[in-house]
Structure formats: structure tokens, C-alpha cells
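These are my notebook entries on one structure. I set out to look up its overall make-up, its nonpolar core, two helix pairs and the backbone at two loop residues.

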Amino acid sequence: MPQIIIVGAGLAGLASALSLRRAGHKVQVFEASQLGFRDTEGTIAQIGPKVNDILKRWGVDAAVARPVLIKAVSEFDHDGAPGATEEAPKPPGWCYYQRSRLHEALLNSATAPTGSGHPVEIISGMKISAIDPEAGLVISQEGQAYHGDAIIGADGWHSISRKTLPLNDTTIPAPAKVTIHLNVDISGHEQNQIVQRFRLQPERYEKWCGANIELKLYSVEPGTILVDTVLPVGSTSGKSSYMFGYTNLAELDICEEYLKDELLKVFGSANSPLKELLDAAEYRDIQFWFYPNLPHVQEWAFRRLVLIGDAAHPFLPCEPPGTSQSITGADALAEALRSDVEMDHIPEHLAAWVIPRKERVKTIQGMERNDWPST
Ligand SMILES: Cc1cc2nc3c(=O)[nH]c(=O)nc-3n(C[C@H](O)[C@H](O)[C@H](O)COP(=O)(O)OP(=O)(O)OC[C@H]3O[C@@H](n4cnc5c(N)ncnc54)[C@H](O)[C@@H]3O)c2cc1C
């Protein structure tokens, strides 16, 4: 039975671990962090019916993952007037998840003592610093080597695994935008119209549209409403709109206070229920991510190493398919790598998995990014 090593226990790593465990493999996952779920980058994942079916088939505990089935999407102008057009309802079966909950549910299923296959072994606090794809070795920062018949590089946006593959050292300038999440405590705001709408119908989300900014409101956890948006920092800040690929936030002088003010400039009409919620957001409840330059990933596999998730196809925080593509990739990986696979043939099975995945992701990224290249 092949021994599989996975580098990274984000959503892609844990989805791969669970899927490969169910296919009968022995799986070890090396994770650099201590795996606190609040570290899961991004807050909401929207997932369609096909991917939800995969999660059900894998036995992921819905009580932990807590999907919110979307039955309605309401649209409003910046001042709270109902939008000119009501967004077409999503096809049945679309859900949104708090990403940390989905992460926790995948970890529970991957490591559960019962269920199909061997429980996955997670080694947290172990940063991998080098990979030898020929020999099937991963090397920890402390210099310890571990052997895997296959190595799955699921180490995200800043992947070390990706850098092992020679053609992956170029980048594409990312747009000058910042993703913002505000987790607003709604206690004391029971009369707020938005709060009341979510009370009456929790299985929904709202879209608020201002000039250049679209803002989405979700309710996953009782007691909070999550505000999720993307701000084009070049144009709204009055600074140059050609600030592509900044990695140094300090250079742009962006902070929670600045972002909240920018949102209030657009959505702060007097008497708007959204203004009340934005005002209530504490700075500590605001998270934001600036887009670094996007890695241009040409190679996904070499010998015993294959990349998955953001390591292979980095999705921006504002691009909903990121999580779904990690899960469908993990599902297909178990099909490509059955437990009776001959050890010598593992590299060609990994290479065969890459071809259709790469095409698919390219198409999806192309649909998301009409004005700049996919990875
Ligand atoms: C800031 C941000 C916000 C996002 N928000 C959303 C969102 O709201 N909704 C959505 O659908 N998608 C979102 N995405 C996209 C989404 O995160 C990904 O497409 C998808 O979930 C891929 O997850 P992953 O497991 O590949 O990567 P990650 O979630 O980044 O996980 C990688 C893991 O590898 C570990 N790791 C890294 N290096 C090493 C190493 N050397 N050794 C060991 N372990 C290592 C990390 O600690 C981490 O746990 C966001 C992306 C970013 C960057």
C-alpha cells in the first residue's frame, strides 16, 4: 500500500487526506502551523451541489461544517433601496460555509478512528523546507527526511512544493485590491432591518451595490453578520490606480480604520441599516488581505510530487471557486491513485490526474478573470 505524504493541512490538504484515506492509502500530513481553525484564510466558501455531494459521500459531519443552504439572494443599492434587479436565485443545492468550520469538519473526518481506511496522521508544527520528487522525500526545517511514494504539495499560495518545480518561478501582477471581512456583533441591533431579515430567513445572503464596490452579507454564526467585500485600493484612495502587485501593506498605509472609513463613504447614507452595522464593527473584527503577485504555475507534477489547491492554482480571496476546486481535485486524485497502484507507475498516474484538472481550472479562472490572465 503506498505511503502518501501531504504538505499542508489547509482545505486542499485535508480534503486530499480524507479522499486518499477513503481510497485505502496510508496518509501523513505535515503542517507548518499548530492548525488553529481561525487561521483558515478567508471566511466564507460558497459551494455548489456537486461539491456538496462529494462532502456528503465522504461523510463530512454537517453538524460541524454547518452549511447554510442558499434559498434567496436579495440585492440593494448603496443606500438600502431594493436593487433594480433581483439576482436570479442560485440553482438548488448551493450552500455557504464558514471556512473554519469546513476545515474543522474535514480534519475530524480525516483523523476519525472509525470510518473507511486508516486514520490520517497529522504532524502539526512541522514546516517542510525542501522536497526531492525523484526520491519521494520531504525534508523538514530541522533537516529530518520522510519518505512518501507520492507527495501531495497542498501548501497554498506561498508553496514550497511549487518552487521545487523549475518552471514555476514567474509571477503575474495581481490587481490592486484588498479583500475585507467584517464580522459584526449584532447584539443590541435587534431592530436593524438587515438583522431582522436574516432572523426571518437565515437561508439567504444579501448583496449591496455601490459604485465600484459590491458588498455581500452572510449569517453563519448566530449573533454575528459577516460583511465581505473587495476594495479597489488604487482608485478609492485617490492614489495611483496602477499600484499592481504590492506586497508591502505599510507602503499603502492601509489599516482597519482606513478600510472602515472607505466603506462608510460608499454605504454610509443616513438611516441605512448597513451604516448602523458598519458603525458597530470593531477594528478587531476586521480582517483584510492584500493581493500579492500571483504565482504563474506552469508545472503541477514532477515524478512523485503533485500540486493541489492554491499551490497549483492560486485563487484570489474574491474568487468563489477556490475551495470547490480544491475539493474536486482531491476527489479526482483518489480516482487517479488507487490503493493497488504499482509503485513504479505512481508518477504517470499523477501526471494523468493533472491534464484534465489543469484544463478545467484554466477555464474557470478565465471566467473569473476576464481582464487579466489565469495561472
Ligand atoms: C487571503 C485569502 C482569502 C481567501 N478567501 C476565500 C474565501 O473567502 N472563499 C473561498 O472560496 N476561497 C478563498 N480563498 C481561496 C482559497 O483559500 C483557496 O483557493 C483554497 O481554499 C485552497 O486552500 P489550500 O489548502 O490550497 O491553501 P491554504 O488554505 O493556504 O493551506 C495551505 C496550508 O499549508 C500550510 N503550509 C504552507 N507552507 C508549508 C510548509 N512549508 N510546510 C508545511 N505546511 C505548510 C499552511 O500553514 C496552510 O495550513 C482565499 C485565499 C486567500 C489567499
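**Overall make-up**

I worked from a predicted model, and I found twelve helices and 20 strands in the chain. I then looked up burial: of the 375 residues in the chain, 40% are buried. For contacts with a separation of 6 or more, I noted that 74% join residues 24 or more positions apart.

**Nonpolar core**

I next asked which residues have the most contacts inside the largest nonpolar core. This core has 89 residues, and the ones with the most contacts inside it are Ile-6, Leu-14, Ala-17, Leu-106, Ile-225, Val-306 and Ile-308. Helix H1 (residues 11-22) supplies the largest share of the core, seven residues. I recorded that the core lies between domain 1 (3-48 + 98-171 + 294-371) and domain 2 (175-290), because both give residues to it.

I followed Val-306 further and left out residues up to four places away in sequence. Val-306 touches Ile-152, Gly-153, Trp-300, Ala-301, Leu-350, Trp-353 and Val-354.

**Helix pair H1 and H4**

I looked up how H1 is placed against helix H4 (residues 99-111). Their axes come within 9 Å and cross at roughly 30°. An angle under 35 degrees counts as roughly parallel, so I entered H1 and H4 as roughly parallel to each other. The crossing in which H1 passes H4 is left-handed. On the H1 side, I listed Leu-11, Leu-14, Ala-15, Ala-17, Leu-18 and Arg-21 as making the contact. On the H4 side, the residues are Leu-102, His-103, Leu-106, Leu-107, Ser-109 and Ala-110.

**Helix pair H9 and H10**

Are helices H9 and H10 roughly parallel or antiparallel to each other? I found that H9 (residues 256-267) and H10 (residues 273-280) pack at about 170°, with their axes 10 Å apart. The pair is therefore roughly antiparallel. Lys-260, Leu-263, Leu-264 and Phe-267 of H9 meet Leu-274, Lys-275 and Leu-278 of H10.

**Positive phi in two loops**

I checked Asn-271, which is in the loop between H9 and H10. Asn-271 is not a glycine, yet its phi is positive at about 70°. I counted Asn-271 as exposed because 8 other C-beta atoms lie within 10 Å.

I then turned to Arg-66, in the loop between helix H3 (62-65) and strand E4 (68-69). Arg-66, also a residue other than glycine, has a positive phi near 50°. With 17 C-beta neighbours inside 10 Å, Arg-66 is entered as partly exposed.

How values were computed
Residues are numbered from 1 along each chain as its sequence is written. This is a predicted model: local features need pLDDT of at least 70, side-chain atom pairs count only at pLDDT 80 or more; totals for chains, interfaces and linings use all residues. A nonpolar core is a set of buried Ala, Val, Leu, Ile, Met, Phe, Trp, Tyr and Cys residues joined through C-beta atoms within 7 Å. A residue is buried if 20 or more other C-beta atoms lie within 10 Å of its own, exposed if 12 or fewer, and partly exposed in between; C-beta atoms are placed from the backbone. Helices (H or I, at least four residues) and strands (E, at least two) are DSSP runs, numbered from the N terminus. Domain bounds come from an automatic or database domain assignment. Two residues are in contact if their C-beta atoms, placed from the backbone, lie within 7 Å. Axes are lines fitted to C-alpha atoms, for helices over the stretch in contact, and angles run from 0 to 180 degrees between N-to-C directions. Angles under 35 degrees count as roughly parallel, over 145 as roughly antiparallel, 65 to 115 as roughly perpendicular and the rest as oblique. A crossing is left-handed if the near helix is turned anticlockwise from the far one by less than a right angle, and right-handed if clockwise.
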